[in-house]
Amino acid sequence: MSPGQIEVEGQRIELEQGETVLQGLERAGLDVASGCRAGTCTKCLLQAQDAPPPASQRGLRPTLTAQNFFLACQARPTGLLRLRGSRGPEPVRARVASIDHLTEDVARLRLTPDERFDYRPGQYLDVLHPGGESRSYSIASLPSDGWLELHVRRIPGGQVSGWLHELAVDAELAVRGPFGQCFHVADDDQRKLLLVGAGTGLAPLVGIARDALEQGHRGPIDLVHGGLEPNRLYLRDDLDRLARESPQLRVHHCVLRGATAREHEGPLDQVAIRLAGALAGARAFLCGDGEIVHLLRRSLFLAGLPSGEILADPFLPSKPALA
Ligand SMILES: Cc1cc2nc3c(=O)[nH]c(=O)nc-3n(C[C@H](O)[C@H](O)[C@H](O)COP(=O)(O)OP(=O)(O)OC[C@H]3O[C@@H](n4cnc5c(N)ncnc54)[C@H](O)[C@@H]3O)c2cc1C
Ligand code: FES
């Protein structure tokens with residue numbers, strides 16, 4: 001099949017054999033947001049005037065596909081595809097309002113953007129490092145909080161997480177976003193919501209749980225936070241307080257080893273499925289380490305949850321692991 005063309009901002013680009021829209025735009029020197037290049041992170045989401053190739057809309061929410069949104073890294077059109085612009089969101093300056101170290105390797109940063117930054121709790125943004133690199137971090141706050149809350153785990157030798165941990169109050173940085181479609185949609189206020197994440201996977205889940213409560217969700221919400229050992233779990237008192245104030249919310253702490261009376265012990269997927277009970281009509285949100293999210297997704301699917309009701313944000317590293 002012969003490769004197609006793309007038309008963007010008055011420019012026509014002939015795609016080469018096997019080339020994606022993302023690659024074609026980059027070859028033409030256009031600045032396009034991208035991340036995983038594997039159809040997972042949705043950072044390369046663009047909108048077309050014409051219907052995009054179906055493969056480039058796989059996994060997107062119906063509200064997006066109906067508006068011809070598609071993933072540029074998955075699109076290999078065979079005819080002409082006219083785009084509604086190629087640019088993602090512009091960078092926004094922000095200031096560190098506070099930084100708290102919640103465990104030995106997790107810091108909570110609250111950033112106040114200099115200008116309006118619209119997002120849905122649970123989406124993520126990119127932090128732009130002064131050296132030119134960027135990394136994604138999920139947003140734990142609600143727009144009504146007035147700040148952007150991030151939970152950042154310091155990765156040993158990690159360029160951006162290490163830098164963020166050392167920032168002082170009032171430091172300036174640039175962020176860009178929002179990205180991702182792992183957020184609450186109030187389409188059924190009785191639906192069971194199952195929120196499961198390990199480590200800083202808690203960040204988007206806190207945002208999603210608070211957002212659902214604020215939107216008047218009445219069905220049960222189970223939030224299961226996992227960690228290796230009890231001292232790796234954080235914000236426990238805040239979460240327990242939120243659960244006491246909201247009868248429909250149950251918060252569960254889960255560890256792989258060394259559980260005390262406050263935690264469940266065992267593999268996160270098995271504990272979450274046991275605690276959630278019947279999954280008919282439920283929707284799951286899974287966030288955190290890529291391998292854990294993959295395992296959770298698989299286990300929930302095998303337990304009967306349709307893949308369309310499993311929303312996930314795997315925290316994939318932007319660099320391959322060191323050998
Ligand atoms: C959609 C999305 C949302 C994310 N949300 C969050 C969040 O809310 N909080 C958060 O802390 N992180 C989050 N991440 C991960 C984050 O974007 C960075 O990948 C992470 O902070 C490491 O960046 P770094 O620059 O410090 O390390 P790098 O300089 O990129 O990596 C240094 C070395 O560490 C390895 N490495 C990178 N990440 C890991 C890891 N997780 N475990 C083990 N080794 C690793 C790399 O392979 C490399 O060898 C998210 C990622 C994605 C894709
Ligand atoms: S870069 Fe296309 S989905 Fe991640």
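A residue counts as buried here when its relative accessible area is under 20%. Keep that cut-off in mind as we walk through this predicted model, starting with a single threonine.

Thr 200 sits in the loop between β12 and α4 (202-214). Is this loop residue buried or exposed? Its relative accessible area is 10%, which is under the 20% limit, so Thr 200 is buried. What does Thr 200 touch? Leaving aside residues up to four places away in sequence, its contacts are Val 106, His 151, Val 152, Arg 153, Tyr 234 and Phe 315.

One of those contacts, His 151, leads us to the ligand, because His 151 is also among the residues that come nearest to ligand 1. The others named with it are Arg 135, Ser 136, Tyr 137 and Ser 161, out of 23 residues around the ligand. Some of the polar contacts are easy to find on screen. The side chain of Arg 135 places an N or O atom 2.7 Å from an oxygen atom of ligand 1, and a polar backbone atom of Ser 136 is 2.6 Å from a ligand oxygen. Gln 159 also takes part through its backbone, with an N or O atom 3.1 Å from an oxygen atom of ligand 1. Taken alone, the ligand exposes 940 Å², and the protein buries 87% of that.

Which elements build the shell around ligand 1? At least two residues each come from β9 (134-138), β10 (148-153), α3 (159-166) and β17. The most comes from β9, which gives 4 residues. For orientation, the UniProt record (an unreviewed entry) places an FAD-binding FR-type domain at residues 89-185. Over that stretch the chain is 43% strand and 8% helix, and its end C-alpha atoms are 22 Å apart.

Now let's turn to helix α7, residues 290-302. At 1.5 Å a residue, its 13 residues should span 18 Å, and the end C-alpha atoms are indeed 18 Å apart, so the two values agree. At its N-terminal end, Asp 289 acts as a cap, with a side-chain oxygen 3.1 Å from the backbone nitrogen of Glu 291. After the helix comes Gly 304, whose phi is positive, near 115 degrees.

Which residues of α7 are buried? They are Gly 290, Val 293, Leu 296, Ser 299 and Leu 300. An α-helix has 3.6 residues a turn, so residues three or four places apart point the same way. The buried residues of α7 pack against β12 (193-198), α6 (268-276), β16 (283-289) and β17 (310-315).

Definitions and conventions: Residues are numbered from 1 along each chain as its sequence is written. Chains are lettered from A and ligands numbered from 1 in the order in which they are written. This is a predicted model: local features need pLDDT of at least 70, side-chain atom pairs count only at pLDDT 80 or more; totals for chains, interfaces and linings use all residues. Side-chain values use heavy atoms; hydrogens and water are left out. UniProt positions are given in the numbering used here, feature names are shortened, and annotations may be inferred rather than shown by experiment. The expected span of a helix is 1.5 Å times one less than its number of residues. Buried means under 20% relative accessible area, exposed over 50%, partly exposed in between (1.4 Å probe, protein chains only). Contact means heavy atoms within 4.5 Å. A polar contact is a pair of N or O atoms within 3.5 Å; within protein, one must be able to donate a hydrogen and the other to accept it, and residues adjacent in sequence count only if both atoms are side-chain atoms. A residue is near a molecule or strand if one of its heavy atoms lies within 4 Å of it. Accessible areas come from the Shrake-Rupley method with a 1.4 Å probe; for residues, only the protein chains shown count as cover.
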